[in-house]
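Reader: I should like to go through this model by way of questions. Please reason briefly in each reply and close on the item requested.

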Amino acid sequence: MKYTEEHEWLRVEGDLVVVGITEHASEQLGDVVFVELPEAGTEVTKDEEVCVIESVKAASDILAPLDGEIVEVNEPLVDEPGKVNEDPLEGAWFFKMKASDLSQMDDYMDENEYKDFIG
Amino acid sequence: MGELNRTPLYDLHVALGAKMVPFAGYEMPVQYALGVMKEHLHCRAQAGLFDVSHMGQVVLRGESYEAVARAFETLVPMDVLGLGEGRQRYGLFTNDGGGIEDDLMFANRGDHLFVVVNAACKEADIARMKAALEPEVSVEEITDRALIALQGPAAEAALAGLNPAVAGMSFMDVVTVELAGAECWVSRSGYTGEDGYEISVPEAQAEALAKALLEMDAVEPIGLGARDSLRLEAGLCLYGNDIDTSTSPVMAGLTWAIQKVRRAGGDRAGGFPGVDRIFGDLAEGVARKRVGLVPQGRAPMRAGTPIFAEAEGGDPIGEVTSGGFGPTYEGPVAMGYVGAAQAAVGTELFGEVRGKRMPVTVAKMPLVPANFKR
């Protein structure tokens with residue numbers, strides 16, 4: 001797993017990268033009440049806003065962590081946004097993407113670095 | 001930014017695991033371990049305890065209640081003189097332009113008037129009252145008492161566990177009773193749409209009273225986050241968001257708060273700031289009105305969301321002033337201002353969220369029915 005400073009996690013599954021948000025982020029956000037997902041097939045560039053999640057408090061963007069193409073989105077999240085709080089690391093992944101340059105992953109933190117980052 | 005104030009319940013909030021945030025000059029609990037959603041639902045199902053000690057408590061005394069009431073009527077378009085002893089009423093400080101300077105609660109406590117004002121406005125409110133009322137009426141800010149709200153269908157049973165006398169109170173009754181050994185000024189009121197009480201308690205005994213209530217199974221501490229979603233579902237205005245110095249009470253849909261006796265043709269008509277505009281609005285209607293709004297999608301429409309009459313083109317015809325997710329409503333809820341022509345319940349409008357126009361329907365308020373004990 002790799003972690004971004006925006007509190008996203010990236011997990012490589014075969015030739016795809018699965019993206020979600022960390023437990024820390026889900027706790028900070030509070031109860032998530034709305035998730036807007038991108039469409040499968042969308043070409044994205046790194047740091048582009050691709051999802052919106054809204055908690056009871058505020059809206060937040062999820063950024064594309066890598067250049068590439070969104071190939072699958074987690075549709076059930078739209079009906080069950082609360083999953084982001086219940087199961088952020090497994091069930092509540094947001095999208096799977098095909099990265100055009102996997103070496104972009106190298107810029108991100110590993111688990112220990114992320115733990116230090118959030119203090 | 002100056003130092004933040006702390007209420008007498010600060011240590012208790014921290015001990016209860018509250019997340020503290022700056023609010024109106026105070027460090028206040030925004031949520032506890034349950035989280036905003038569960039706190040909200042708990043308050044509607046059982047009872048929630050709120051620290052509202054940041055609000056201003058003011059006692060006005062004069063020669064008699066009547067003398068104080070007549071003086072106070074020069075500041076508010078409400079019937080103060082006709083308020084019965086042991087009764088409370090909602091009021092508004094208006095300005096010369098007919099806008100709202102603050103909303104408040106006032107109670108006839110026999111020999112004095114007890115006023116509760118919003119935290120962010122309290123300094124200005126007290127200055128306004130002193131300038132207008134002294135020396136005939138003394139304006140004393142009460143700084144040695146906390147203010148606690150206990151709200152929800154189980155509030156009566158919980159508070160009656162400490163003193164059975166409170167069970168006999170009706171909505172907007174005010175009494176002085178002993179609770180957990182403290183002399184408390186209790187009103188049957190609140191700002192959640194639920195039955196419940198607001199309790200002014202001496203500072204030194206506030207924590208003991210709060211703990212006595214929190215020991216009861218039905219009572220959970222509730223933070224500002226849920227207080228906001230509860231009052232929004234209940235259709236209640238938040239000063240600074242839904243009403244401000246430019247909104248007239250008529251625009252805000254608060255004409256019910258202006259009793260007949262103070263309106264044109266009434267025995268004590270007028271005599272308050274902004275009377276010309278307010279009487280004009282009452283007689284001729286207003287161009288914009290506050291309405292309930294229900295977004296048809298799942299996306300919340302938050303304060304500042306522009307409202308349009310059409311799915312494309314045109315200028316905004318209004319704006320959301322409070323919006324978010326309603327845990328009891330189980331969907332996004334909002335209120336805001338729209339043109340009078342678009343204010344009828346059922347009107348289909350569009351709110352622009354992140355550049356996209358989404359359907360939103362004008363809805364009857366409150367969005368969740370009130371549960372007051374009349």
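Reader: Which residue in the turn of the hairpin formed by β5(B) and β6(B) has a positive phi?

Author: The model discussed here is predicted. In chain B, β5(B) (residues 87–94) and β6(B) (residues 100–108) run antiparallel and are joined by eight bridges. Five residues lie between the two strands of this hairpin, and the one in the turn with a positive phi, of about 80°, is B:G98.

Reader: Which residue of β6(B) is the bridge partner of B:Y90?

Author: Six of the eight residues of β5(B) are buried, and this strand is mostly covered. Strands of a sheet pair through backbone hydrogen bonds, either parallel or antiparallel. For β5(B) and β6(B) the sense is antiparallel, and the bridge partner of B:Y90 is B:M105.

Reader: Why is strand β9 of chain B described as largely enclosed by the rest of the structure?

Author: Residues B:R145, B:L147, B:A149 and B:Q151 point one way from β9(B), and B:A146, B:I148 and B:L150 point the other way. Residues on both sides are buried. Strand β9 (residues 145–151) of chain B is therefore largely enclosed, since the number of its seven residues that are buried is seven.

Reader: Which residue of β12(B) stands opposite B:A146?

Author: Two strands of chain B are joined to β9(B) in the antiparallel sense: β3 (residues 47–51) by four bridges, and β12 (residues 196–202) by seven bridges. On the β3 side, B:G48 has B:Q151 as its bridge partner. On the β12 side, the residue opposite B:A146 is B:V201.

Reader: To which backbone nitrogen does the side chain of B:S64 reach?

Author: B:S64 is placed in the loop between β4 (56–61) and α3 (65–72) of chain B. Because its relative accessibility is 29%, B:S64 counts as partly exposed. At 3.0 Å, its side chain reaches the backbone nitrogen of B:A67.

Reader: What share of residues 288–368 of chain B is strand?

Author: UniProt, in an unreviewed entry, lists these residues as "domain: Aminomethyltransferase C-terminal". The C-alpha atoms at the two ends of this stretch are 24 Å apart. Helix accounts for 0% of the chain there, and strand for 53%.

Reader: Which edge strands bound the open sheet of chain A?

Author: The sheet has six strands in the order β1-β2-β3-β9-β8-β5 (chain A), with antiparallel pairing. Its edge strands each pair on one side only, and they are β1 (2–3) and β5 (43–44) of chain A.

Reader: Which residue of β3(A) stands opposite A:L10?

Author: Within chain A, β2(A) pairs with β3 (residues 16–21) over six bridges. The sense of this pairing is antiparallel. Opposite A:L10 in β3(A) stands A:V19.

Reader: Is A:R11 buried or exposed?

Author: A:R11 belongs to strand β2 (residues 8–13) of chain A. Its side chain reaches the backbone oxygen of A:L89 at 3.1 Å, and its contacts include A:M1, A:V18 and A:E90. The relative accessible area of A:R11 is 17%, and as the cut-off is under 20%, A:R11 is buried.

Reader: How many salt bridges are found across the interface of chain A and chain B?

Author: Chain A contributes 14 residues to the contact and chain B contributes 13 residues. About 1,200 Å² is buried between the chains, 48% of it on carbon and sulfur atoms. Eight residue pairs are in polar contact. One of the salt bridges joins the side chains of A:E36 and B:K356 (3.5 Å, N to O), and the number found across the interface is four.

Reader: Which elements of chain A each supply at least two residues of the side that touches chain B?

Author: The salt bridge between A:E36 and B:K356 lies between the two chains. On the side of chain A, the elements that each supply at least two residues are β4 (32–36), β6 (49–55) and α2 (76–79).

Reader: Which residues of chain B does A:K57 touch?

Author: An unreviewed UniProt entry gives the annotation "modified residue: N6-lipoyllysine" for A:K57, which is placed in the loop between β6 and β7 (59–63) of chain A. A:K57 is partly exposed, with a relative accessible area of 33%. Within chain A, a polar atom of its side chain lies 3.2 Å from the backbone oxygen of A:Q28. From chain B, the residues touched by A:K57 are B:K19, B:Q31 and B:R302.

Notes:
Residues numbered from 1 in each chain as written. Chains lettered and ligands numbered in written order. Predicted model: local features only at pLDDT ≥ 70, side-chain atom pairs only at ≥ 80, totals over all residues. Heavy atoms only, no water. UniProt positions renumbered as here; feature names shortened; annotations may be inferred. Buried < 20%, exposed > 50% of the residue type's maximum accessible area, 1.4 Å probe, protein only. Pairing = 2+ DSSP bridges. Contact = heavy atoms within 4.5 Å. Buried area = accessible area lost by both parts, 1.4 Å probe. Polar contact = N/O pair within 3.5 Å; in protein donor to acceptor, adjacent residues only side chain to side chain. Lists of a residue's contacts leave out its neighbours within four places in sequence.
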